[in-house]
Amino acid sequence: MSTTHAQAEHTTADHAHGENCGHEAVSHEDHVDYVHDGHKHAEHGDHYDEH
């Protein structure tokens, strides 16, 4: 089974996810995603991958 990740429209400069950012934190394998605009964001360098 392969997993593809598309670059999100949001960069880390646009919005920094983290404690008290206002988005739901969801554990995903070895990291935490944040639910934002109906999908999950996973930080990846200077942008977020969508899950």
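In the next few minutes I will walk through the strands of this protein chain and then turn to one histidine.

Please keep in mind from the start that what we are looking at is a predicted model. The secondary structure of the protein chain comes to 0 helices and 5 strands, so that, reading from the N terminus on, the order of elements is simply β-β-β-β-β, where the strands are DSSP runs of at least two residues.

Let me go to the middle of that order, where strand β2, residues 25-28, and strand β3, residues 31-36, run antiparallel and are joined by 4 bridges. These two strands form a hairpin with 2 residues between them, and at the end of it His 28 stands opposite His 31 in β3. In the turn itself you will find Glu 29, which has a positive phi of about 55°.

Staying with strand β3, I would like you to find His 36, which also has its place there. Is His 36 buried or exposed? With a relative accessible area of 10%, His 36 counts as buried, because the cut-off for that word is under 20%. If we leave aside its neighbours within four places in sequence, His 36 is in contact with four other histidines, namely His 10, His 17, His 23 and His 41.

Finally, a view of the whole protein chain, in which buried residues make up 25% of the 51 residues. Its accessible surface comes to about 3800 Å², and 44% of that belongs to carbon and sulfur atoms. As for contacts between residues at least 6 apart in sequence, 42% of them join residues at least 24 apart.

Terms used:
Residues numbered from 1 in each chain as written. Predicted model: local features only at pLDDT ≥ 70, side-chain atom pairs only at ≥ 80, totals over all residues. Heavy atoms only, no water. Pairing = 2+ DSSP bridges. Buried < 20%, exposed > 50% of the residue type's maximum accessible area, 1.4 Å probe, protein only. Contact = heavy atoms within 4.5 Å. Areas by Shrake-Rupley, 256 points an atom, 1.4 Å probe, with all protein chains shown as cover.
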